[in-house]
Amino acid sequence: MNTPTPAQPARRAPPAKSPRRRAREFALQGLYEWLIAGSDAGVIDAHMREQDGFAKCDAVLFDTLLHGCIREASPLDDVLARHVDRPTQELSPIEHAVLMIGAFELRQCIDVPYRVAINEAVELAKSFGGTDGHKYVNGVLDKAAAELRPAEVAAARARR
């Protein structure tokens, strides 16, 4: 006798990544290379542009994030140092790069709402980082957002 089985729910394909998400992913990979090998930004940029799928990313955002984070690495680390529990050089290179991108977007990309900057960094940490690294990234960037965008954060918290 055959027992009826419940119908399998239809599996949906994951949504396609936006060009901006792809740009952040390529910038993360470039920053990782920079943190690990100390390669020249121009060499890293050229290497990333050769990768499969690069044509689908927002190249302007990629340039802004990769070159901005490298150029402003010291001030970004100064911001992060006030909110992390150890020197930034002791963070995993993935978490360090993700935090740099998040802090850069909070400081320089005012058109990106602070919650979006944090959420995008959390998604990068989930995709590329360790098991619970995204929780750490979320906590650090939440504190950094309160410092870097106090009016925006206060307004959002007042609406809750």
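Which residues form one aromatic cluster? In this predicted model, the cluster is made up of F26, F54 and F62. The report below describes this cluster, then a neighbouring topic in helix α2, a charge over a ring, and the meeting of two helices.

**The aromatic cluster**

A pair of aromatic rings is described by the distance of the centres and the angle of the planes. The structure holds two aromatic pairs, and their values are set out here.

| Aromatic pair | Centre to centre | Angle between the planes | Arrangement |
|---|---|---|---|
| F26 and F54 | 5.2 Å | 65° | edge-to-face |
| F54 and F62 | 5.0 Å | 85° | edge-to-face |

The pair of F26 and F54 links distant parts of the chain, its members being 28 residues apart. F26 belongs to helix α1, which covers residues 19–37. F54 is placed in the loop between α2 (41–49) and α3 (59–71).

Are the rings of the cluster buried or exposed? A residue counts as buried when its relative accessible area is under 20%. F26 has a relative accessible area of 8% and is therefore buried. F54, with a relative accessible area of 8%, is likewise buried. For F62 the relative accessible area is 0%, so F62 is buried too.

**D45 in helix α2**

D45 has its place in helix α2. Its relative accessible area is 10%, and D45 is therefore buried. Leaving aside residues up to four places away in sequence, D45 touches F62, D63, L66 and H67. One of these contacts, F62, is also a member of the aromatic cluster.

**A charge over a ring**

Where does R86 lie with respect to Y136? R86 is found over the face of Y136, at 5.1 Å from the ring centre.

**Helices α4 and α5**

Helix α4 spans residues 73–81, and helix α5 spans residues 93–108. Their axes come within 10 Å and cross at roughly 95°. Angles of 65 to 115 degrees count as roughly perpendicular, and α4 and α5 are therefore roughly perpendicular to each other.

Which residues meet where these helices are in contact? On the side of α4 they are A73, P75, L76, D77, V79 and L80. On the side of α5 they are H96, L99, M100, A103, F104 and R107. By class, the contact of α4 with α5 has nine nonpolar residues, one polar residue and two charged residues.

**Summary**

F26, F54 and F62 form one aromatic cluster, and D45 of helix α2 touches F62 in that cluster. R86 lies over the face of Y136, while α4 and α5 are roughly perpendicular to each other.

Definitions and conventions:
Residues are numbered from 1 along each chain as its sequence is written. This is a predicted model: local features need pLDDT of at least 70, side-chain atom pairs count only at pLDDT 80 or more; totals for chains, interfaces and linings use all residues. Side-chain values use heavy atoms; hydrogens and water are left out. Rings of Phe, Tyr and Trp (its six-membered ring) pair if their centres lie within 6.5 Å; planes under 30 degrees apart count as stacked, over 60 as edge-to-face and the rest as tilted. Helices (H or I, at least four residues) and strands (E, at least two) are DSSP runs, numbered from the N terminus. Buried means under 20% relative accessible area, exposed over 50%, partly exposed in between (1.4 Å probe, protein chains only). A charge sits over a ring if NZ of Lys or CZ of Arg is within 6 Å of the ring centre and within 35 degrees of the ring normal. Contact means heavy atoms within 4.5 Å. Axes are lines fitted to C-alpha atoms, for helices over the stretch in contact, and angles run from 0 to 180 degrees between N-to-C directions. Angles under 35 degrees count as roughly parallel, over 145 as roughly antiparallel, 65 to 115 as roughly perpendicular and the rest as oblique. Ala, Val, Leu, Ile, Met, Phe, Trp, Tyr, Cys and Pro count as nonpolar, Asp, Glu, Lys and Arg as charged, and the others, Gly among them, as polar.
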